[in-house]
Amino acid sequence: MALTNTSLAPGEAVRVLRHWGIQVGPEAIAPGSGTANASAIVDAPRGPVLLRRRNPRYAREQWVRHDHALFRHLRDHGLPAPEGVLGDLGRSWLADAGEIYELFAYVEAEAHEEGDERELLSAGRTLAGIHRAAESFEPPAPKPWPRFHDPRDAQEGLTELLALGRERGEAARRLSVLARALELAEALVDRLPDERYLSLPQTVVHGDYHPGNLKFREHRVAGVFDWDWCSRQPRMVDLADGLLFFCGVRTEPLVPGDIWSLTAAMTIDSARVERFLEGYRAGVEPTERELSALPDLMRCRWLYCRVDAAQRKVQPARRAEFVVRDLEVPLREIDALAAELGC
């Protein structure tokens, strides 16, 4: 599988920006960050903007129409969704030379301050606001995505990694971790079948709700970004993201554009969980069925983010290393959290 191309050359950006009536030279283009889409920050005459080239994985025109309509809907509800910049076709995206580009107002704000109680509360409240507002969203185009973080996908990927690792003579410890992860994926296939997953309360979710995709101003959420995964799913998939990635304690600072950093293992801090849930519950109260499924959704998410990223964003020779590094630390933490939640 080819690795994701996240480079957006200044010349390409200059050419595409003309469709928005923005005339700048290469010196006005600075590289953006991210591990899935190519982006550039542009010092435009009327203020900075963010140009994105969509990853082909997410670049269907009907999906882009869906997403940009969702942004407008959420902004109408006072939520910090991306603000599109209209181009010469009267829309904030462009299909050109087989690629899809998007242009947004650039948000001047700060990265999440890990553990900050005000920001955890705001992140939880914002997520609940998104879920509530999205209930009334009427999409102009369909976006029928499959279920998120399907353990069958992790099962398939782990099976391939384990077979390849045995063939290459990987260290016994790595093979052992891969084997235990495969056993968990197989158990999750049984415990969280499609019927149970689809029976949980649904709305349009963000799909990738972690600190690298949010910015803050004065300790409140100022922007929520990277909505490529937004689609109708159980709302608990977003809460699983929040509890894993906002409430996790890392040994190193988060680097949003580094997939190794984004998927680094963490312990889960109970005080952070309490604050994030307090914010979310101010707008949405999860049902007992949702809370009972939440730990398994977190386990599915953790396995998926390692296995899927390994296949798409990591050199083949390092994929086993990428997947197994401290893989079981968050899984033990999820077990402890499940006990606290009474699941």
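Reader: Is the crossing of α3 and α7 left-handed or right-handed?
Author: Happy to start there, with the reminder that this is a predicted model. The two helices, α3 (residues 117-134) and α7 (residues 236-246), have axes that come within 11 Å. The crossing they form is right-handed.

Reader: Are α3 and α7 roughly parallel or roughly antiparallel?
Author: Their axes cross at roughly 165 degrees. Angles over 145 degrees count as roughly antiparallel. Therefore α3 is, relative to α7, roughly antiparallel.

Reader: Which residues of α7 make the contact with α3?
Author: Let's look at both sides of this pair. From α3 come Leu 120, Ala 123, Leu 127 and His 131. By class, the contact of α3 with α7 holds five nonpolar residues, one polar and one charged. On the α7 side, the residues are Asp 238, Leu 239 and Phe 246.

Reader: How are α4 and α10 oriented to each other?
Author: Helix α4 (residues 151-168) and helix α10 (residues 288-313) have axes that come within 9 Å and cross at roughly 50 degrees. That angle is neither under 35 degrees nor in the range of 65 to 115. The two helices are therefore oblique.

Reader: What is the handedness of the crossing where α4 passes α10, and how many nonpolar residues does the contact have?
Author: The crossing is left-handed. On α4 the contact involves Pro 151, Asp 153, Ala 154, Gly 157, Leu 158 and Glu 160, and on α10 it involves Cys 300, Leu 303, Tyr 304, Val 307 and Gln 311. Alongside two polar and two charged residues, the nonpolar ones number seven.

Reader: Turning to the open sheet of five strands, which strands stand at the edges?
Author: A good way in is the strand order, β1-β2-β3-β5-β4, with antiparallel pairing. Neighbouring strands here are turned by 25 degrees against each other on average, direction ignored. Each edge strand has a single partner, so one of its sides is left without a neighbour in the sheet; the two are β1 (29-31) and β4 (93-96).

Reader: Which residue in β3 stands opposite Ala 38?
Author: Strand β2 covers residues 38-42 and strand β3 covers residues 49-53. They pair in the antiparallel sense over five bridges. Opposite Ala 38 stands Arg 53.

Reader: Where does helix α2 lie, and at what angle to β5 does it run?
Author: Helix α2 spans residues 61-76 and lies across β4 and β5 (99-105). Of these two strands, β4 is one that stands at an edge of the sheet. To β5, helix α2 runs at about 10 degrees.

Technical notes. Residues numbered from 1 in each chain as written. Predicted model: local features only at pLDDT ≥ 70, side-chain atom pairs only at ≥ 80, totals over all residues. Heavy atoms only, no water. Axes fitted to C-alpha atoms, helices over the stretch in contact; angles between N-to-C directions. Helix = DSSP H or I, 4+ residues; strand = E, 2+ residues; numbered from the N terminus. Left-handed = near helix turned anticlockwise from the far one by under 90°. Contact = heavy atoms within 4.5 Å. Nonpolar A, V, L, I, M, F, W, Y, C, P; charged D, E, K, R; others polar. Pairing = 2+ DSSP bridges.
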